[in-house]
Amino acid sequence: MVEGLVIALVAVLCAGALYVASAARVIRQYERGVVLRLGRLRENVRLPGFTMVVPGIDRLRKVNMQIVTMPVPAQDGITRDNVTVRVDAVIYFKVVDPTNAVIAVEDYRFAVSQMAQTSLRSIIGKSDLDDLLSNREKLNQGLEVMIDSPAVSWGVQIDRVEIKDVSLPETMKRSMARQAEADRERRARVINADAELQASKKLAEAAGEMSAQPAALQLRLLQTVVAVAAEKNSTLVLPFPVELLRFLERAQQQPAVEEAGTGRTGLPSSVNGPTAQPPSSAGDGATAQPPSSARNGSPLPEAEMPLPETRTPEEPAVPQTATPPAASSSVERPFAHH
């Protein structure tokens, strides 16, 4: 009799242990438990800690309340300015209502992932390439609103969405590189031109100051020579003074002005006027008389003798005779042979 009671007690204890083992559940701090009893939702959500369910009758679903980081697969799309791009993103979300996350949607993770992909494609089609590259914060906000609208009814809250990378075709990358290079070259030229303008103004002021004191230019020349000679080189460059060049230019122009003023051209001043008579070939000692400037209006002064006759070595010697006086003023007088 006693043995039967002991055996029965042991059996009850074993059955109780098995029941407790099968009914006991532990919910972690970052989880919440949703209980379905015979397919019906229990209103109370199980909090973290130890809890019991009816084995075979209750079914416990644990929902993670942590923030989930989900990468969005790269999506190929065409922007509004007809550029093919490949964009990937990352989404951060968490469950705020475990009951709706279990009842309202079959798999909230998969639903959020698909919604993120479709929203990303839509954002790509509505945006320009410049917006994708430079104005990402605005696109992130728009993408977050598009995903968060249907996710609210699933008990999911979207914290933020970030566009990770925008992949461009190689041809577009080369075009953008050429554009950036041209823009930098343009800015470099503008800066260089501005520097030249400022330098020219300062040099003009310096030239004005040096023109008042000629010795300042000589001192500046000596400073330049010292600066060049300070380097370890075998060549010394000495600048040529500009004043010497101007002096030589004035000295070269002065004889030309004097010759133009005296009229020494080697030709008679008038066709019908008298010409200088060459010396006679017979050697009678007669010399050509210079015409009077008062009589024929020649520009030569009376005290100046005409240019002597010249003969090139190639020309044959032709005897010259004195030209007889003209019978009348209407007969043309021949030119003197030069």
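**Reading sheets, helices and turns**

User: Let's start with one residue in a strand. Which residue in β8 stands opposite Ala89?

Analyst: Ala89 stands opposite Ile163 in β8. One thing to keep in mind as we go: this is a predicted model. As for the general idea, strands of a sheet pair through backbone hydrogen bonds, either parallel or antiparallel. In this case β7 and β8 run antiparallel, joined by ten bridges.

User: In what order do the strands of that sheet come?

Analyst: The order is β6-β7-β8, an open sheet of three strands with antiparallel pairing. From one strand to the next, the twist averages 25°.

User: Which strands stand at the edges?

Analyst: β6 (68-78) and β8 (156-167) do; each has a single partner strand, so one side of each lacks a neighbour in the sheet.

User: What about the pairing of β6 with β7? How many bridges join them?

Analyst: Nine bridges join β6 to β7 (residues 84-95), and these two strands are antiparallel. You can check the register with two pairs: Met70 has Ile91 in β7 as its bridge partner, and Asp76 has Arg86 in β7. The two strands form a hairpin with five residues between them.

User: How do I read the turn of that hairpin? What is the phi of Asn82?

Analyst: Start from the general rule: most residues other than glycine have a negative phi, and most peptide bonds are trans. Here Asn82, in the loop between β6 and β7, has a phi near 60°, a positive value in a residue other than glycine.

User: Is Asn82 buried or exposed?

Analyst: Asn82 is exposed, its relative accessible area being 65%, and the cut-off for exposed is over 50%.

User: Where is Leu38 found, and what is the sign of its phi?

Analyst: Leu38 is found in the loop between β2 (31-37) and β3 (40-41). Its phi is positive, near 55°, and it is a residue other than glycine. Leu38 is exposed too, with a relative accessible area of 68%.

User: β2 and β3 bring me to another sheet. What is its strand order?

Analyst: That open sheet of three strands is ordered β3-β2-β5, with antiparallel pairing. β3 and β5 are the edge strands, each pairing on one side only. Between β2 and β5 there are seven bridges, in the antiparallel sense, and Val35 stands opposite Leu60 in β5.

User: Now the helices. Which strands does α3 lie across?

Analyst: Helix α3 (residues 108-126) lies across β6, β7 and β8, running at about 35° to β6. Helix α5 (residues 136-151) lies across β7 and β8, at about 140° to β8.

User: How can I check the length of α3? What span should its 19 residues have?

Analyst: At 1.5 Å a residue, the 19 residues of α3 should span 27 Å, and the end C-alpha atoms are 27 Å apart, so the two agree.

User: Which residues of α3 are buried?

Analyst: A helical pattern helps when you read such a list. An α-helix has 3.6 residues a turn, so residues three or four places apart point the same way. In α3 the buried residues are Tyr108, Ala111, Val112, Ser113, Ala116, Gln117, Ser119, Leu120, Ile123 and Ile124. Their cover includes β5 (58-64), β6, β7, α2 (98-103), α5 and β8.

User: How do α6 and α7 pack, and at what angle?

Analyst: Helix α6 (residues 170-212) packs with helix α7 (residues 214-229) at an angle of about 115°, and their axes are 4 Å apart. At this contact, Met210, Ser211 and Ala212 in α6 meet Pro214, Ala216, Leu217 and Arg220 in α7. By class, the contact has five nonpolar residues, one polar and one charged.

User: To finish, how many helices and strands does the chain have, and how much of it is buried?

Analyst: The chain has nine helices and eight strands. Of its 338 residues, 19% are buried, and buried here means under 20% relative accessible area. The accessible surface comes to about 24,400 Å², with 58% of this belonging to carbon and sulfur atoms.

User: And what share of the contacts joins residues 24 or more positions apart?

Analyst: Among contacts in the chain with a separation of 6 or more, residues 24 or more positions apart account for 64%.

Definitions and conventions: Residues are numbered from 1 along each chain as its sequence is written. This is a predicted model: local features need pLDDT of at least 70, side-chain atom pairs count only at pLDDT 80 or more; totals for chains, interfaces and linings use all residues. Side-chain values use heavy atoms; hydrogens and water are left out. Axes are lines fitted to C-alpha atoms, for helices over the stretch in contact, and angles run from 0 to 180 degrees between N-to-C directions. Contact means heavy atoms within 4.5 Å. Ala, Val, Leu, Ile, Met, Phe, Trp, Tyr, Cys and Pro count as nonpolar, Asp, Glu, Lys and Arg as charged, and the others, Gly among them, as polar. Two strands pair if DSSP finds at least two bridges between them. Buried means under 20% relative accessible area, exposed over 50%, partly exposed in between (1.4 Å probe, protein chains only). Accessible areas come from the Shrake-Rupley method with a 1.4 Å probe; for residues, only the protein chains shown count as cover. The expected span of a helix is 1.5 Å times one less than its number of residues.
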